[in-house]
Amino acid sequence: MEGEAEVLYSTVPWDRGLLSQNGKKPAGPLFKFTCLMGSVCQLHLPHCEIHSEGGCDFLSVAHVTDDDSMEFLLPHETRETHIILNITQFSKYGITKDKEAPVSPIRALVLLFYQLPDDNNKSTLNVLLLPRNVDIDEVCKTRRTRNGDREIYIEKNSNCRLTRDQEYTLSTDLTDEHHIDPKKAEFVDYDCYTNYMPTFQLYLQTVIKKVNLRLKEHGGPENECVWDRLVSLPGN
């Protein structure tokens, strides 16, 4: 900021067709900014690429104007977790990535949403695989709108590294009756900034207090997990 200012921002949907026409795909949320007072000269937009993997070389920032036209800007600077962009006006900005960029791991999250036991003690643990630069508050708000108070967000160390289009499997240490659906699933990073649907669902037939969850690459080394956590489940 050039001085004291007041800024409002929200996330809005991407125009996937327009991005695709330009050989781009989303690499983060699309933010709509409104400056109510003062002026802002620079944006720091979060990305989830890993510098050492080379993914940052294929990033740009989409500037969407009020008439929904789109231009792609090169960052002023790319840091470990953010892209820095110098700006002169506000509208909508979001990070994009070349569609033909080489596939490489990104920093990601495993988010857990638990649907409480019903009268028959059956419950569901929804497991979401998402890029790390999603807005977690927005994810929780969307899930709450969809499922109400019957679903609880379980806060856990969620950081991991995932690779686009790689298949993953989820497993547990449970001996009680349970079912995981699907048996394997792809991580599709560019589909993850709007719908926030579960990648896996763990169906529990009895009340479980704790469960060890393990996420592995399908076909990868047997004992190598990309994410492994002991999770406590609320009883009511």
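Colleague: A polar contact is a pair of N or O atoms within 3.5 Å, and within protein one must be able to donate a hydrogen and the other to accept it. With that in mind, what does the side chain of H47 reach?

Modeller: Bear in mind that this is a predicted model. In it, the side chain of H47 reaches the backbone oxygen of R79 at 2.8 Å, and that distance falls inside the cut-off because a polar contact needs the two atoms within 3.5 Å.

Colleague: Where does H47 lie, and is H47 buried or exposed?

Modeller: H47 sits in the loop between strand 3 and strand 4, the latter spanning residues 59–64. Its relative accessibility is 3%, so H47 counts as buried, since the cut-off for buried is under 20%.

Colleague: Stepping back, how many helices and strands are there in the protein chain?

Modeller: The protein chain has two helices and 18 strands. Its C-alpha atoms fill a box of roughly 60 × 40 × 30 Å along the principal axes, and 43% of its 236 residues count as buried.

Colleague: Why is strand 9 largely enclosed by the rest of the structure?

Modeller: Strand 9 covers residues 105–115, and 10 of its 11 residues are buried, which is why it counts as largely enclosed.

Colleague: Which strands does it pair with, then?

Modeller: Strand 9 pairs with strand 10 (residues 123–131) in the antiparallel sense over eight bridges, and in that pairing L111 stands opposite L128. Strand 9 is also joined by four bridges to strand 11 (residues 151–154), again running antiparallel, with Y114 opposite I152. Its pairing with strand 12 (residues 159–163) is antiparallel over five bridges, and there P105 has T163 as its bridge partner.

Colleague: What does strand 9 give to the largest nonpolar core?

Modeller: Strand 9 gives five residues, the most of any element, to this core. The core has 28 residues, of which L112, L125, F200, L213, L215 and L233 touch the most other members. Besides strand 9, the elements that give two or more residues include strand 10, strand 12, strand 13 (167–172) and strand 16 (200–204), along with strand 17 and strand 18. A second, separate core has 15 residues, among them F31, F33, L43 and L59. As general background, nonpolar side chains tend to be buried together in soluble globular proteins.

Colleague: You mentioned strand 17 and strand 18; in what order do the strands of their open sheet come?

Modeller: That open sheet has four strands in the order 15-13-17-18, with antiparallel pairing. Its edge strands, each pairing on one side only, are strand 15 (185–186) and strand 18 (227–232). Strand 17 (residues 210–217) is joined to strand 18 by six bridges, the two running antiparallel, and R214 stands opposite D228.

Colleague: New topic: how much space lies in the largest pocket, and which residues are closest to its centre?

Modeller: The largest pocket holds about 250 Å³ of space. Its lining has 13 residues, and those closest to the centre are Y9, F33, L43, H44 and L45. Two or more lining residues come from each of strand 1 (6–12), strand 2 (24–37) and strand 3 (42–46), with strand 3 giving the most, namely five.

Colleague: And by class, what does that lining have?

Modeller: The lining of the largest pocket has 10 nonpolar residues, two polar ones and one charged one.

Conventions: Residues are numbered from 1 along each chain as its sequence is written. This is a predicted model: local features need pLDDT of at least 70, side-chain atom pairs count only at pLDDT 80 or more; totals for chains, interfaces and linings use all residues. Side-chain values use heavy atoms; hydrogens and water are left out. Buried means under 20% relative accessible area, exposed over 50%, partly exposed in between (1.4 Å probe, protein chains only). Two strands pair if DSSP finds at least two bridges between them. On a 1 Å grid over the protein atoms alone, a cavity is a set of points where a 1.4 Å probe fits but cannot get out, and a pocket is an open set with protein on both sides within 12 Å along at least five of seven lines; lining residues have an atom within 4 Å of a point. Grid points are joined across faces, edges and corners, and a volume is the space filled by probe spheres set on the points. Ala, Val, Leu, Ile, Met, Phe, Trp, Tyr, Cys and Pro count as nonpolar, Asp, Glu, Lys and Arg as charged, and the others, Gly among them, as polar. A nonpolar core is a set of buried Ala, Val, Leu, Ile, Met, Phe, Trp, Tyr and Cys residues joined through side-chain atoms within 4.5 Å.
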